[in-house]
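Ready for a little structure reading? Have the sequence and the 3D view open, and try each task before you look at its solution.

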Amino acid sequence: MSNFDVDIGAMDEVIFRLQGIVSDKMLPPMAKPASRDRTVKQQPYLRTAIAITGLGDIVFNKVMEKLEEVFLRFANNFPADSVSGYDPVLHKDTGFNVFHAHSQYFTKVSTYQDKSDNIGFHPLVDPDNVLASMVGDSFIHAIDNKVQFLCREILPDGIARYYSYNPASIRIGDIVEISVAFVAFPAQGNKYKFVVALRGILVLDQEAREKADILRMRLRYTPAKRQVAVLCRTKRQLYKGQIDIEDTQQRMARMRLNEDTVHNSNTMSQD
């Protein structure tokens, strides 16, 4: 979908922005493939994709309704029943509305776009030049394939700062704002396929997700049971047998004998 821009004298693409929570994603960077030949065959289908949800939020659901109206207005510019592809889905686990958007990494070289239209990949998107190595005579990475990845930081003075962000750091549960455009591609049988083209992802907040990750980590941690030291004291056996008893009796007898001797000696000395 586009509007005519009087200032530049050309058609300008209309961008829609939608905020939500990341529920699914397929983001760069792309890992080095095990088989290059297989990856080349998949080249036309390689894409950046994201899905966001409002988890039942009323504002999010109203925005989804507005996007349906936009699609209908968009489809009215084509023959009846010739446009297909807009298919909002419900999350398989929660049942909440989910909004999908994607962008292909490559565009096929044609009479409308040649190799001079290749713009290359951002270092954060393709740090190992895996995608750049696929650019050739048949496919290029054009302006319509580009997806911006940004992060917003609120400074102490309240001013927002925006900077390039590593897409590998985006996680499910992050709050983001996605920028999308509505595009229709010719299909077979005089039909057109409606596509929600992803143009950018702006990370708004990751703190809530990080706190939830910490709580999950704590739940997985099971403290070891406290080992209580128990002092086991065995009661000493006073007598082991008859021999010990007789030996004790003999010692007691000698003690009495000694006492009598001491007493008699004292008496004699007094006399």
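Below are three exercises on this predicted model, each with a worked solution.

**Exercise 1. Which elements supply the largest nonpolar core, and which residues have the most contacts inside it?**

Step 1: Start with the core itself, which has 40 residues. Those with the most contacts inside it are Phe-99, Ile-178, Val-180 and Ile-201.

Step 2: Next, look for elements that each supply at least two residues: strands S3, S4, S7, S10, S12 and S13, together with helix H2 (58-75). H2 gives the largest share, 7 residues.

Step 3: Now zoom in on Ile-178. Leaving out residues up to four places away in sequence, its contacts include Phe-16, Leu-18, Ile-50, Ile-52, Phe-99 and Ile-201.

**Exercise 2. Decide whether Ser-103 counts as buried or exposed, and find a polar partner for its side chain.**

Step 1: Find Ser-103 in strand S7.

Step 2: Buried means under 20% relative accessible area. Ser-103 has 4% relative accessibility, so Ser-103 counts as buried.

Step 3: Search around the side chain: one of its polar atoms lies 3.3 Å from the backbone oxygen of Asn-145. Beyond four places in sequence, Ser-103 also touches Arg-47, Thr-48, Asp-144, Val-147 and Leu-198.

**Exercise 3. Describe the surroundings of Phe-139.**

Step 1: Phe-139 sits in strand S9, residues 139-140.

Step 2: Its relative accessibility is 14%, so Phe-139 counts as buried.

Step 3: List its contacts, again skipping residues up to four places away in sequence: Gln-43, Pro-44, Phe-106, Thr-107, Lys-108 and Val-109.

Step 4: Finally, check the spacing to Ser-110, which is 29 residues from Phe-139 along the chain. Their C-alpha atoms are separated by 9.1 Å.

Key:
Residues are numbered from 1 along each chain as its sequence is written. This is a predicted model: local features need pLDDT of at least 70, side-chain atom pairs count only at pLDDT 80 or more; totals for chains, interfaces and linings use all residues. Side-chain values use heavy atoms; hydrogens and water are left out. A nonpolar core is a set of buried Ala, Val, Leu, Ile, Met, Phe, Trp, Tyr and Cys residues joined through side-chain atoms within 4.5 Å. Buried means under 20% relative accessible area, exposed over 50%, partly exposed in between (1.4 Å probe, protein chains only). Helices (H or I, at least four residues) and strands (E, at least two) are DSSP runs, numbered from the N terminus. Contact means heavy atoms within 4.5 Å. A polar contact is a pair of N or O atoms within 3.5 Å; within protein, one must be able to donate a hydrogen and the other to accept it, and residues adjacent in sequence count only if both atoms are side-chain atoms.
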